[in-house]
Structures are given as C-alpha cells and as structure tokens.
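Q: Can you walk me through this one? I'd like to start with the contact between the chains and then go through some local details.

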Amino acid sequence: MSRCRKMADIGRRQFLRGGAIATSGAAAAVVAPSRAKAAPAAALLEYPSNRLANIADLATNEPLDVSYPDDDAPGVLLKLGQAVEGGTGPDGDIVGFSTVCPHKGYPLAYDAADRTFNCPGHYSRFDPEAGGQQVWGQATQNLPQYTLRVDDNGDIYAEGVDELLYGRLSNVL
Amino acid sequence: MAYKRQIDRLPIIPADAKKHNVTCHYCIVGCGYHAYTWPIKKQGGTGADANAFGVDLSEQQGADAEAWYAPSMYNVVKQDGEDVHLVIKPDQNCVVNSGLGSIRGARMAENRPSEVTGSQQQRLGEPMVWRYGTWQPTSWDDALDLVARVTARVIDQENEDDLFVSMFDHGGSAGGYENTWGTGKLYFESMKVKNCRIHNRPAYNSEVHSTRDMGIGELNYCYEDYQLTDTIFLIGANPLECQTNLFLNHMVPGMRNGAKVVIVDPRRTVTANACEIEAGADNVLHLAIESGTDLALFNTLFTYIADQGWVDQDFISASTFQDGVAQPQNEQHPSALGSFEAARDACRMSLTDGAAICGVAEADIIKAAEWIAKPKDDGSRRKCVSAYEKGIIWGNDNYRTIGGLVNIALATGNIGREGGGVCRLGGHQEGYFRPSDAHVGRPAPYLDDLIIRGQGKVHHIWANDHFKTTLNAVAFKREYNRRTNIVKEAMDARAGATRDEMVDAIVGAIEAGGIFSVNVDIIHTQIGQCAHVILPAVESGEMNLTSMNGERRMRLVEKYMDGPGSAMPDCLIAAGMARHLERVLREEGRDAYADQFKGYDWASEEDAFMDGYNSGNPEVTYERLRAMGNDGVQEPVVGYENDKLVGTKRLYVDGKFDRHGREDKKALFCAGAWRGLQAAGKAAQKSGHAFLINNGRSNINWQNWFLDKDNDFVSDRYPYPFLEINPEDMAELGLKEGDLVEIYNDVGATQAMAYPTPTARRGETFMLFGAPTGTQGNVINAGVNELVLPNYKQTWANIRKISDAPAAVSHMSFKSKEYSSG
Ligand code: SF4
Ligand code: FES
C-alpha cells in the first residue's frame, strides 16, 4: 500500500490542510421552483454498482486501492484470510472500506501486523476484522464499509456504504 | 459487526440558518463550536450561495474542511417549542481547538434530547415525587412544597447541620457561574450549610489546597505556553484522552517546535505513544514509577536540581518567602510551608533513595532533572510547563505531592513566564462563584462517612452520583439504600395522606434513622434510585451558560434549544426552593428565618448571573461576552476598552503571589518529606493483594458518560467497562479477552471486562473510574488524607473470572489502542 504510506507521512507533517483529496465534478445547484410541482425523490440514495476488482487481484492481508462510489472517494478491498462478520466472497473474508478518516479526512494507512487502519492525523485506528470498529480515536463513527457482491466470475462489486463518507454531505455527489 | 448509523446523507445548513456560540461543555478544554439551527421544513443546497459555508458542496471536501459535519453533529430538537434542525460543529477560528472536535464534543448534537430522532430519552422532563410505591410525575409547585416542608422541619436559624448537601462546583455541563451561584446563594448565604460535598469527592474541599496555600492558583498559564516551551512535564495526566484538543492543538505543535516531554505515570498511556510519534522517542522520557511514589520523585528532583544550582536565585529572592517556616504543619496544613532553604532541608532525598522508592533508574531521574531545569548553554532559563491531574490529585499524599511539584516550578522560576506554568489540567470546566465557604471548615466534614454513620436527615443532591463517585462505595450504597428505604416505606404506609400527615410520616421516619433524599439532575442516576423527590435540570445549550476553561478562558454558551419537558436551570430550581422555603417558614411563623430566603426573584439564568458573577465582576455581562465570541476573554477580566473585555493572559507575571492571601505576596515552598503511603489501610491493602487496580478515564468514556450510557456508538465500543491487564496475567488467571472478572478485596468487589494490554506491567491493571456497570469505588477503601481528599488511585485487589465473554462483546475489537504507522 505505497500510496497510503506516503500519504501517512505527509499527514504527519500536517501538509494536508485542505485540498489533499482531489476534487472534481460539476456543481449541481439545487433551486427550488417557486410554485411547486414537487420533484419526486427516492427515499434511499441510489448507489452505483461498480466493479472494483476481481478476487484474483487480491492477496491475503494486502489492501488493494480502489475508489467508491466515485474517483474522489479512496478506499481499499482487503482479503483477510479468515471469515469475518460482514465478509464476502467464497471464503467470507473479503471486506471493503473507505480509507478517508471519518474524523478530519486524513488518509488512513494499513498496518498489516495487527490488521488495523491507522490515521496519522490524530492517531485513530480502525479494525477491519470488526466491521471497521474504531479501536481508539477521535472519529465519531466507525469506518464506512462497502456493501460488496461477488459474481460467478469472481468480480467484486460495491453497491453501498454504511456510514457517511468524510467530506461529503451525500455519499453520492 | 460494529455499530453503523446507515446514514448516507444529511440535511444541508442553509445560508440563513441561526448561528449560536457554543463552548463544548464536556471537558475542561472548552473547545469552540457553533450550533446552527433552522426550520424543520427548510434545507440548504449544494450551491455556494445556498449553504452556510458559501462552498460548493457537490464536491468532495479536503482534510480539515470547514464545510463538513458528521451524523453525530446533527439532530432535530425543539427551539421555542418548534422542531428545528440542529448542527453543532467545531469552530475553525476558535484559538482553543482550531476546528478540531473530539470523540466526545463532536457528539454534542447527537447527545441532545430529541423526540424526533429518539436520542437521550433518558433525560428527565418533569418533577417526580415518591408516591404509591414508585415515582409519580407532578408539578414544580407540588414537588418543591414537599421539599420545603420536610427541609424546614430539620433546619433552624441556629443549626442547619442536619441538612446535608451534595453539589457540583464546576463549569460546563449543567454547572457554570449561573448554577454555582444559585446553589451557593441558597446553601452558603441564606443558610450556612457545612455538611456538604462536591460531585466527585466525599467532602467540600479544594483538590489542590497546597498550591493555593503556597500562593499559586492552579490555573496560571495559557495554552499557548505549550507551544513556547522547551519541556512539557506531565504528571498523573493523560491529556490525549482527557484534554484531547489541548493535546492535539497545543502540545503537539509544541513538540513539533522541539519541546521534549517527561511523563510520570505508572501506566504507559496513549499519550506516551503519541508523544513518541510527535517528538521522537529520544525526546520523550516516561518515568513509570511505582504507584503513589510521585512525592519521592519530586523531592529527589528538587534536591538534585538545587544541588546542581539549576535554580533561579533572583526569582527566589524577589518572589518567595525568605525566613524559614511561614506556616507550621498543623491540622489544616499537612506540611509546613516556608522558604526555599526550609523546603530543601525537609524534602532532601538522594538519587539512590529516590530511584529505589520510585523503581526507576537514577540516570532517568538525572535526565528528567536536566530536561526540566538545566539552564541552556547561554545561561538562560529552560522553559518548562508542568501539568498535573488526577494521578496525583487523587493519589497518595495529595497535599505534599502537589506541593512537591510546585516546589520545582518555583525554584526554577517557571511560573508567570512564557513557556512556563505549573497547572492542573482539569476535568470539567470551571465556573465557581459562591459566597464564602469558610464556615464549612478545614478539614471539611467527610460527608459520605457521616451518612454511613447515620448522620444527616435531609439530603439535597445536585448532579452528584455518589454511587459511582465515592470511595468505600459498597458500604455507602448499603447504608444509603437502607436509610432512604426507611423513608420510602413510611411514605408507602401513608399513601393517600394529606401533605401535613405525609410530612409528619417522613419526619418520623427520619427520626427513626432514615434520610430524605432530594435529587436534582438531568437523568435518573444511580443514587437517584433512592430519591423521594426528583427535580429535572437542563444542560448547557438548553440554557445560557458561562464557564471558564483550563487557561481561564471565559465564554458564554448561547441557548440554542429548549430543555426537555419543564426541566429548568439549576439556578432557577435553587431559586424556587428558596421561595418555597421562605413561604413555608413564614406560614410557620418563623419570619426572621424566612427573611433570609429573600432575593431570588430571578426570571432567567441571566438574572442569576447578574446577581452573582456580575456583582463581583461588573465589567462582565452576557452582551459583552456574546460579542467576544468563542475566543471569549481570559479571567480575571481587568477592564473594558474599545468594545472589548480585557483579560489576563497569564497569572503572576509580576512575580507577586496572592492565592494564599498573604500581604507580602511572596510564594511559599512546601517542606513536605516523603512518608510512604499516607492514607489509612493502603499499605496493608497493597501487601495483601496481587494486583494494583489503577483507575481513570478513557477517551471515549469520560465527562459525558452519563449521557453516553444511552449512546449506541459508545456502548457498541465498550458494552462493559474494561480492565486493562497484561496477557500473561490473563493466562495465569485463565482469562480470555472479553471475559468478565470480579475484582475483590478487603472492602468490596466490582466487575469489569478483561482487555488484553501488552503494555500493562505484570500485576498492574487499569480500570475505568465512574463506570455505571462496574464501580471502581467499590474496592477503594475509606482512607483519605488529612484534608479529606480521597485516594482513589492507590487500590489493590485480587481478580477472579466470573464469566466467559458475554454475547454483547463478541463483535468487539480487542486490538491495541496505540497508533502504529505499520
Ligand atoms: S476536547 Fe473536551 S472540550 Fe474539546 S471537544 Fe473534546 S470534550 Fe469537548
Ligand atoms: S483525521 Fe484521522 S484521527 Fe483525525
């Protein structure tokens, strides 16, 4: 996970004030019409179903960089090597998480030794073997985890996220 | 699986939302926040002109962005009777926290009571009176009438000693200048109640008598000093967890500026780990002393520093007492106080002895002395901030130990100067403004022990939960349950009686050994289970509230929502009690006494503020504080110029010390020799049991735990309070992670959940203080110091398994709490 390591280093030196995460996409201003023909809205957010990787791309205990639900939302897929609650795939051991710290948005780095995601911002750490539970830290939510589906070809699709992603007031922008 | 909110979008704050100044009311740091509220059927938009931030919210925001808030920062609450959206988020521009929120403060919104989202439905909304074998809701007038009639029967003008009072003395939370004044005026001005205690200890006393007696107020620096200093000296403190944003926003920049850190703590905390990351392990010295030996360490350091000549002789000559003993040791002073030389003689301890007693290497003591006191090569002062907290406040020999630490700061001239200070870090914010408490006496009555011994007839409790925050708690709970039950049974026996008959029945039960318990709180507490009358209070934000933080920074929290039901600010509850007492006393023909209860015609908390704090600080008003925003003003306020309150950045910059009230304004040194484990029964308990049961707080279980027992995110992390214990100790006890253990000793027993902790030393465990399900106080013996300061920290016990890990903990992570970069 060279990407995360490097960013962790940067994070420690506090170079990350703003703009660390690339931004893109056109602004979609919402202007309510003065006389209402109310726009029907779905009760749930529509998440894209995105193919993130194939099982063959994963090596045990080595996170694979992905993005979901769009390119501005970095995350990882991780094959843990033993089944965990919420794990998917034939061995029930594949999980996917956002790697943006839900505290203040610093990039998390993976420590393969004890299988935790660690934040250089303010030392928070999250346990991918326990649904992303914050082991210790300053975030007020556990790590957002992907809802994953694996098809017959071993392609891994993400189809939802279970917590609000840092830096956006709607998970789908 | 870990708890997830399943929230994937939040309402956007509109550009015209109301914005209120908020200081986080949970811990001493007092971080700045803003509360935004807006009508329930309105929302902002992603366009820059359609939201409060003026930012395009259709884009991903970067790290440290202002324009983001977590689901925990959102709720729907009542404001002037209407449902409104509420977002409480950290203030980027506040000097205290610069936009940082902690795991506690950043959940303020989520921990507000809401009928719409169902949060904090444990909050009390209506007064309740014990009737027909349970608590029945009733009106304020009915409840206060009963309180006044029963209370009036046990007090008279000459003697109010049968009225026992437990009352908070802090700021933040539901304390603050308004509420300490309201309660203080009632009990210390209208009455002269002497049998009282404070929310976290069994007597009404200072936690830091010695520093005050030496002339030095305990909050003398400003947070910026951590960024200007050469060395940060932390004793019995764990600031990353207990003063989080002080650590992150001031201590960490200090380390990045090159400050070294000396940590004195028997336990390796996450603070120690974070300091190593920020300062580099070579610049962090952790002195893992034997529990309770801090004084021996300080006296050794003091001796060594003096012997090396690393003292500020000019400062000692100009600002400290010169002629031997100024205050002899006596019943009020557990140590003599006086000159530098007098203290040096009394405290003398060799490196060899100090190292042996503390269980640390001589070389490490020398290194600490160098980092703390050795002048720089050009002869200039080494700047050192000394910061201490409960590890010594609630530790062995409180008076001498704190005095011994202050000696070092005084000798090196590190008070009142940039990058200096010797300060407690604090728990709650402060907010104390009360009439004199001199009549309480010193040593103050040991209230909880008096209750155990059958004294006290009526007990008024203001936001105290003795059941969780006392020592000798097994005995206390047993007696308190028994004595309040006598009254409950008498009330039950007279169901349907008139008020007069009922008061007679209650008084009869009191005379038969019972105690009548009135509980004022925001939730139904554990001691509240014993109450006969329950009165609901509001918290900060549900009222306007002023407090000051650990650098004496005073702010006004602007009321942004309604309290639940008919709950009221404590100051107005106290005023109501006073008015009812006046009426009842007058009815009884006790006019002269009734007159003492005049002067409570307050319509709002602001009236109470003006009656109290403003009377002593005429420059300070709500309007002026509001204008000072989240940066507020540092007390003492010395003027008002150019539309701004003028405060005081540091105390004692002129080298004149006045906290002891001495005319000469000279500081005193503490001549307190090491005398082993001071409190009764501690040494025997230590030799008779296998484990140290060290105790304290954690990042997530801290000031707001009373709310967090109803918070899913927090309860999910620790369904049971943890006991940190070495894995080899666990193996010997046949324990697996998550197993429940019983901790038992000569005074009681309690329980906790085993959390394997490789950094814990063998035979030294750490459990949480004040846990609702596993009260550590059950195993703390009754021993206190001469001034009735509890010694919670030095506790020893044995441990046995009582259960395999319950299902409730099967999802939990038991990994190390220490950040690792992999
Ligand atoms: S550090 Fe203290 S004051 Fe600041 S947000 Fe956290 S709990 Fe509140
Ligand atoms: S940004 Fe991750 S802990 Fe603060």
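What follows is a short exchange on the interface, the salt bridges and some backbone details.

A: Fine. Keep in mind that this is a predicted model.

Q: How many residues does each chain put into the contact?

A: Chain A gives 70 residues and chain B gives 64 residues.

Q: And how much area do the two chains bury between them?

A: About 5500 Å², with 50% of it on carbon and sulfur atoms. On the chain A side, A:Y123, A:T140 and A:L169 supply 16% of the area that chain A buries against chain B, more than any other three residues.

Q: How many polar contacts and salt bridges are there across it?

A: Between chain A and chain B there are 47 residue pairs in polar contact, counting residues at pLDDT 80 or more. The number of salt bridges across that interface is 4.

Q: Which elements of chain A touch chain B?

A: Those that give two or more residues are helix 1 (2-12), strand 6 (116-118), strand 7 (125-127) and strand 8 (133-136) of chain A. Strand 8 of chain A has the largest share, with 4 residues.

Q: How does that side of chain A divide into nonpolar, polar and charged?

A: The side of chain A that touches chain B has 30 nonpolar, 25 polar and 15 charged residues.

Q: Back to the salt bridges. What does A:E129 pair with?

A: A:E129 forms a salt bridge with B:K815, and their closest N and O atoms are 2.6 Å apart. The pair crosses between chains: A:E129 is in the loop between strand 7 and strand 8 of chain A, and B:K815 is in the segment after strand 30 (796-803) of chain B.

Q: Is B:K815 buried or exposed?

A: B:K815 counts as buried, because its relative accessibility is 14% and the cut-off for buried is under 20%. A:E129 has a relative accessible area of 23%, so it is partly exposed.

Q: What about B:R5, which residue does it bridge to?

A: B:R5 forms a salt bridge with A:E163, with the closest N and O atoms 3.6 Å apart. This pair also runs between chains, from B:R5 in the segment before strand 1 (18-23) of chain B to A:E163 in the segment after strand 10 (155-161) of chain A. B:R5 is buried, at 11% relative accessible area, and A:E163 is buried too, at 0%.

Q: How many salt bridges are there over all chains?

A: The search of the whole structure finds 76. One of them joins B:D145 and B:R149, whose closest N and O atoms are 3.0 Å apart.

Q: Where do B:D145 and B:R149 lie?

A: Both are in helix 1 (residues 140-154) of chain B, 4 residues apart, which is about one turn of the helix. An α-helix has 3.6 residues a turn, so residues three or four places apart point the same way. B:D145 and B:R149 are both buried. They also belong to a network of salt bridges that links B:R131, B:D142, B:D145, B:R149, B:R499, B:R583 and B:E587.

Q: Different topic. Is helix 14 of chain B buried or exposed?

A: Buried: 14 of the 14 residues of helix 14 of chain B are buried, so the helix is largely enclosed by the rest of the structure.

Q: What span should helix 14 have, and what are its ends doing?

A: Helix 14 (residues 398-411) of chain B should span 20 Å at 1.5 Å a residue, and its end C-alpha atoms are 20 Å apart, which agrees. Just after helix 14, B:G413 has a positive phi of about 65 degrees.

Q: Which peptide bonds are cis?

A: Among them are the bond from A:Y68 to A:P69, with omega near 0 degrees, and the bond from B:R442 to B:P443, also with omega near 0 degrees. A:P69 lies in the loop between strand 2 (64-67) and strand 3 (74-79) of chain A. B:P443 is in the loop between strand 15 (422-424) and helix 15 (447-452) of chain B.

Q: Which residues have a positive phi although they are not glycine?

A: B:N472, at about 50 degrees, and B:K665, at about 55 degrees, are among them. Most residues other than glycine have a negative phi, and most peptide bonds are trans.

Q: Where is B:N472, and is it buried or exposed?

A: B:N472 sits in the loop between strand 16 (458-462) and helix 16 (473-493) of chain B. At 15% relative accessibility, B:N472 counts as buried. B:K665, in the loop between strand 23 (644-646) and strand 24 (669-671) of chain B, counts as partly exposed at 35%.

Notes: Residues are numbered from 1 along each chain as its sequence is written. Chains are lettered from A and ligands numbered from 1 in the order in which they are written. This is a predicted model: local features need pLDDT of at least 70, side-chain atom pairs count only at pLDDT 80 or more; totals for chains, interfaces and linings use all residues. Side-chain values use heavy atoms; hydrogens and water are left out. Contact means heavy atoms within 4.5 Å. Buried area is the accessible area (1.4 Å probe) that two parts lose on being put together, summed over both. A salt bridge is a side-chain nitrogen of Lys or Arg within 4 Å of a carboxyl oxygen of Asp or Glu. A polar contact is a pair of N or O atoms within 3.5 Å; within protein, one must be able to donate a hydrogen and the other to accept it, and residues adjacent in sequence count only if both atoms are side-chain atoms. Ala, Val, Leu, Ile, Met, Phe, Trp, Tyr, Cys and Pro count as nonpolar, Asp, Glu, Lys and Arg as charged, and the others, Gly among them, as polar. The expected span of a helix is 1.5 Å times one less than its number of residues. Buried means under 20% relative accessible area, exposed over 50%, partly exposed in between (1.4 Å probe, protein chains only).
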